[in-house]
Amino acid sequence: DSARRKTQVTELVLDEICGTYIPKKNAIRVEINGKVYYFCSESVWKILWQKGTGEMEVLLRKKAEFKL
């Protein structure tokens with residue numbers, strides 16, 4: 001019955017590097033020092049991982065634009 005259709009809600013999370021909201025179920029989830037970060041793509045995460053978590057924390061604090 002169309003009157004009883006359930007609305008699906010998709011939880012979004014923010015990739016703080018790109019500034020993009022993505023569905024939580026599709027995001028790359030990484031926990032660093034007890035804080036959870038979400039990334040829109042594996043390529044963003046890999047670049048940050050190669051630079052080290054200290055670099056990532058600086059970028060997150062500054063909310064810098066990250067160009068791939």
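**Reading a predicted chain**

Q: What percentage of the 68 residues in the protein chain is made up by buried residues?

A: Of the 68 residues in the protein chain, 25% are buried, and this value, like those that follow, is computed on a predicted model. Burial is judged here from relative accessible area, with under 20% as the limit for a buried residue. Taken as a whole, the protein chain has an accessible surface of about 5,300 Å², and carbon and sulfur atoms contribute 46% of that area.

Q: Which pattern of helices and strands does the protein chain follow along the sequence?

A: The secondary structure amounts to four strands and two helices, and these come in the order β-β-β-β-α-α when the sequence is read along. As for contacts in the protein chain between residues at least 6 apart in sequence, 26% of them link residues at least 24 apart.

Q: How many disulfides does a search of the whole structure find?

A: A disulfide is a covalent bond between the sulfur atoms of two cysteines. In this structure the search returns zero disulfides.

Q: Why is there no bond from the sulfur of Cys18 to the sulfur of Cys40?

A: The criterion for a disulfide is that the two sulfur atoms lie within 2.5 Å. Cys40 holds the closest cysteine sulfur to that of Cys18, but the separation is 3.7 Å, and therefore too far for a bond. Read from the other side, the closest cysteine sulfur to Cys40 is the one in Cys18, again at 3.7 Å. As regards solvent, Cys18 is partly exposed at 32% relative accessibility, and Cys40 is also partly exposed, with a relative accessible area of 29%.

Q: How many salt bridges are there, and which side chain meets Glu11 in one of them?

A: A salt bridge is counted when a side-chain nitrogen of Lys or Arg lies within 4 Å of a carboxyl oxygen of Asp or Glu, and by this rule there are two. In one of them, Glu11 meets the side chain of Lys24, with an N to O distance of 3.8 Å. Glu11 belongs to the segment before strand 1 (12-15), while Lys24 sits in the loop between strand 2 (20-23) and strand 3 (28-32), so the pair ties together parts that are 13 residues apart in sequence. Lys24 itself is partly exposed, at 34% relative accessibility.

Q: Which side chain meets Lys35 in a salt bridge?

A: The partner of Lys35 is Glu16, at 3.9 Å from N to O. Because Lys35 lies in strand 4 (residues 35-39) and Glu16 in the loop between strand 1 and strand 2, this pair ties together parts 19 residues apart in sequence. Lys35 is partly exposed with a relative accessible area of 40%, and Glu16 is likewise partly exposed, at 22% relative accessibility.

Q: Which residues is Ile28 in contact with, leaving aside its neighbours within four places in sequence?

A: Ile28, a residue of strand 3, is in contact with Tyr37, Tyr38, Phe39, Ser41, Glu42 and Trp45 once those neighbours are set aside. For Glu42, which is 14 residues away along the chain, the C-alpha atom is separated from that of Ile28 by 6.6 Å. With 24% relative accessibility, Ile28 counts as partly exposed.

Q: Which residues make a nonpolar surface patch of about 300 Å²?

A: The patch is made by Leu12, Leu14 and Tyr21. Patch residues need over 30% relative accessible area, and Leu12, which lies in strand 1, is partly exposed with a relative accessible area of 48%.

How values were computed: Residues are numbered from 1 along each chain as its sequence is written. This is a predicted model: local features need pLDDT of at least 70, side-chain atom pairs count only at pLDDT 80 or more; totals for chains, interfaces and linings use all residues. Side-chain values use heavy atoms; hydrogens and water are left out. Buried means under 20% relative accessible area, exposed over 50%, partly exposed in between (1.4 Å probe, protein chains only). Contact means heavy atoms within 4.5 Å. Accessible areas come from the Shrake-Rupley method with a 1.4 Å probe; for residues, only the protein chains shown count as cover. Patches are made of residues with over 30% relative accessible area and no salt bridge: like charges are joined within 9 Å, nonpolar side chains (Val, Leu, Ile, Met, Phe, Trp, Tyr) within 5 Å.
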